[in-house]
Amino acid sequence: MRIGHGYDVHKLVEERDLILCGEKIEFEKGLLGHSDADVALHALCDAMLGACAMGDIGRHFPDTDMKYKGISSMILLKEVKEIVKKAGYKLSNADITIVCQRPKLAPYIENMQKNVASVLDVNKDQINVKATTTEKLGFEGTGEGISTTCVVLLENL
Ligand code: MG
């Protein structure tokens, strides 16, 4: 078994969609980034790559490459799944924590879990997504950005 950890931050700006775990969230702002800036999936990708010692998302999908401009991070996650498979591992479980003051994410959690499970081709009970605020402290608390941490466990194929 191998354990991996991922962490990512993106800035909240106007005139961008807010996409978290492949789910479009109703909000007046969205995350800024080269791809769709799905901070939750980026942390998950980094955790999976980290667990099999394959570097990080920036190494595999550089933000200088126009090929990845505006790309759905669901596509990146699918590619990461293949990299992990080639390295000889499959996902055992993932636990994703999204740190976000606003908007309330509770109504979207179940769909987020379904989205991730379907891309990774695992059961729903292998994926946990949760959200927390920071009691208005720090950049997440003031609404400047959203961060996500993630841990995963991989097992041999
Ligand atoms: Mg990112």
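## A look around the predicted model

P103 sits in the loop between strand 5 and helix 4 (helices, H or I of at least four residues, and strands, E of at least two, are DSSP runs numbered from the N terminus). A cis peptide bond joins R102 to P103, with omega at about -5 degrees.

This is a predicted model, in which local features need pLDDT of at least 70 and side-chain atom pairs pLDDT 80 or more, while totals for chains, interfaces and linings use all residues. Residues are numbered from 1 along each chain as its sequence is written, and side-chain values use heavy atoms, leaving out hydrogens and water.

Now for the metal. The magnesium ion has D8 (OD), H10 (NE2) and H42 (ND1) as its protein donors, 2.1 to 2.3 Å away (donors are N, O and S atoms within 2.8 Å of the metal, or 3.2 Å for Na, K and Ca; water is not among the atoms, so sites may look incomplete). Along the chain, the donors read D-x1-H-x31-H. Both D8 and H10 are buried (buried is under 20% relative accessible area, exposed over 50%, partly exposed in between, with a 1.4 Å probe and protein chains only).

K11, in strand 1, is exposed at 54% relative accessible area. Skipping neighbours within four places in sequence, K11 is in contact (heavy atoms within 4.5 Å) with G30, L31, L32, E144 and G145. The C-alpha atoms of K11 and A106 lie 21 Å apart, with the two residues 95 apart along the chain.

On to the inside. The largest nonpolar core (buried Ala, Val, Leu, Ile, Met, Phe, Trp, Tyr and Cys joined through side-chain atoms within 4.5 Å) counts 50 residues, and L44, I98, M112 and V152 touch the most other members. Among the elements that each supply at least two residues of this core are helix 3 (73–86), strand 5 (89–99) and strand 7 (145–156). Helix 1 gives the largest share, ten residues. Again skipping neighbours within four places in sequence, L44 is in contact with L77, A94, I96, V116, L120, C150 and V152.

Two residues that are not glycines have a positive phi:

| Residue | Phi | Loop between | Relative accessible area |
|---|---|---|---|
| C21 | about 50 degrees | strand 2 and strand 3 (23–25) | 0%, buried |
| D121 | about 60 degrees | helix 4 and strand 6 | 63%, exposed |

So much for the loops; C21 is buried, whereas D121 counts as exposed.
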